[in-house]
Amino acid sequence: MKTIGVIGSGIMGSGIAQVCATAGFKVWLYDVAQEQLKKAHASVQSSLEKLASKGKLTTAQRDQAIRNLNITTQFSDLKESDFCIEAATEKKELKKKIFKNLDSLVKAEVILASNTSSIPITEIAAATKRPDKIIGMHFMNPVPLMECVEIIRAKTTSDATHKTTLELTKKLGKTPVTVKDAPGFVINRILAPMLNEAVNCLEEGLATKEDIDLAMKIGCNFPMGPLSLADFVGLDTCLYILEVMGRKPSELLKKMVAEGKLGRKTGEGFYKYGI
Ligand code: CAA
């Protein structure tokens with residue numbers, strides 16, 4: 001395996017492209033939007049710079065990773081991929097369309113993985129003629145720093161596909177955890193209701209947002225409080241995951257999403273951010 005295609009250059013796609021390029025793979029990072037690709041390239045560069053400045057990468061590794069990364073708006077550039085990881089917007093119909101198109105483009109033996117955080121992998125697999133080669137690879141944000149990747153087997157995923165994906169995950173310096181294809185998988189099944197409860201606590205006036213976050217940071221040793229984490233993940237993403245899981249989202253969460261307060265990415269969620 002030499003070349004990895006990454007589809008979607010948002011926060012997750014750019015992070016995935018970065019770890020693949022750092023692990024020595026040639027990467028094609030595809031997006032429909034040139035502007036988004038430029039932003040992704042700049043954010044990968046700055047992340048690599050930071051890691052090199054902390055001695056986590058040598059300057060040679062940093063430079064090689066940048067050389068390994070190619071950005072493109074031409075879907076056909078993904079043709080030479082030996083493995084593809086899709087990290088497009090979390091919309092079922094869009095993902096199915098991308099998988100259908102990839103299925104017609106890339107070599108028959110290529111595994112197609114989705115970074116979906118909640119959409120059933122079995123449904124995505126059904127959109128292709130290679131359901132045995134479809135698998136979920138759910139990376140965590142920020143991808144360059146987070147160790148875990150949930151590996152989700154569709155009902156149709158073959159043992160060979162699973163094995164190759166586990167090996168690739170380890171080559172990327174990550175630890176795979178295999179889970180069944182059920183709504184929210186494991187991490188979001190637990191995380192999303194917890195974040196929602198934090199929003200309920202705020203809505204009910206149990207404590208200030210700062211105190212809710214502080215309580216969980218120093219009370220449970222969380223690296224960041226749940227409201228900060230919800231802003232980090234994106235409030236629209238939190239809402240979407242809760243809906244896919246059939247959980248009742250907090251009214252405040254729904255209101256904030258309707259108002260376009262989506263967290264860090266829009267500059268305002270529970271907190272304000274300079275963007
Ligand atoms: N690349 C390189 N360096 C990065 C980085 C990146 N992408 N992102 C952050 N850093 C750096 C920061 O710049 C900072 O560097 P300095 O120490 O030089 O300032 C360093 O990492 C530590 O960051 P911070 O000081 O800002 O804060 P921190 O110590 O709390 O660490 C964190 C940041 C790793 C994000 C930590 O807060 C954390 O682990 N938070 C929880 C993250 C989490 O739960 N992620 C999963 C979300 S759920 C998900 O992703 C799945 C889903 O489907 C919703």
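**Figure 1. Ser 47 and its polar contact with the ligand.** In this predicted model, an N or O atom in the side chain of Ser 47 sits 2.6 Å from a nitrogen atom of the ligand. Ser 47 belongs to helix 2, and its relative accessible area of 18% counts as buried, because the cut-off is under 20%. Setting aside neighbours within four places in sequence, you will find Ser 47 in contact with Gln 18 and Pro 144.

**Figure 2. His 138 and Asn 141 at the ligand.** Two further polar contacts can be followed here. In the side chain of His 138, an N or O atom is 2.8 Å from an oxygen atom of the ligand. Asn 141 uses its backbone instead: one of its backbone N or O atoms lies 2.7 Å from a nitrogen atom of the ligand. Taken on its own, the ligand has 1000 Å² of accessible area, and the protein covers 63% of that. While you are at Asn 141, look at the peptide bond that leads from Asn 141 to Pro 142, which is cis, with omega near 0°. Pro 142 itself is found in the loop between strand 6 (134-139) and strand 7 (148-153).

**Figure 3. The whole shell around the ligand.** Step back a little and 18 residues surround the ligand, with Ser 47, Lys 54, His 138, Asn 141 and Asn 188 the closest. By type, the shell holds eleven nonpolar, five polar and two charged residues. Helix 2 (34-53), helix 7 (187-203) and helix 9 (226-233) are the elements that supply two or more residues each, and helix 2 gives the most, with three.

**Figure 4. The ligand between two domains.** The domain assignment splits the chain into domain 1 (3-180) and domain 2 (190-266). Because both domains give residues to the shell around the ligand, the ligand lies between them. Taken over C-alpha atoms, the centres of domain 1 and domain 2 are 27 Å apart. Eight residues from domain 1 and four residues from domain 2 take part in the contact.

**Figure 5. Helix 9 and what covers it.** Helix 9 is largely enclosed by the rest of the structure, because seven of its eight residues are buried. Those buried residues are Pro 226, Leu 227, Ser 228, Leu 229, Ala 230, Asp 231 and Phe 232. Their cover includes helix 7, helix 8 (209-220) and helix 10 (235-244). After helix 9 comes Gly 234, where phi is positive, near 110°.

**Figure 6. Asn 115 in its loop.** Look for Asn 115 in the loop between strand 5 (111-114) and helix 5 (121-125). With a relative accessible area of 7%, Asn 115 is buried. Its side chain reaches the backbone nitrogen of Phe 139 at 2.8 Å. Leaving aside neighbours within four places in sequence, the residues in contact with Asn 115 include Met 12, Ile 16, Glu 86 and His 138. That last residue, His 138, has already appeared in Figure 2 with its side chain at the ligand.

**Figure 7. Positive phi at Phe 185 and Asn 221.** Both residues have a positive phi without being glycine: near 55° for Phe 185, and near 60° for Asn 221. Phe 185 is placed in the loop between strand 8 (175-180) and helix 7, whereas Asn 221 occupies the loop between helix 8 and helix 9. Their surroundings contrast, since Phe 185 is buried at a relative accessible area of 4%, while Asn 221 is exposed at 69%.

Notes
Residues numbered from 1 in each chain as written. Predicted model: local features only at pLDDT ≥ 70, side-chain atom pairs only at ≥ 80, totals over all residues. Heavy atoms only, no water. Near = heavy atom within 4 Å. Polar contact = N/O pair within 3.5 Å; in protein donor to acceptor, adjacent residues only side chain to side chain. Areas by Shrake-Rupley, 256 points an atom, 1.4 Å probe, with all protein chains shown as cover. Helix = DSSP H or I, 4+ residues; strand = E, 2+ residues; numbered from the N terminus. Nonpolar A, V, L, I, M, F, W, Y, C, P; charged D, E, K, R; others polar. Domains from an automatic or database assignment. Buried < 20%, exposed > 50% of the residue type's maximum accessible area, 1.4 Å probe, protein only. Contact = heavy atoms within 4.5 Å.
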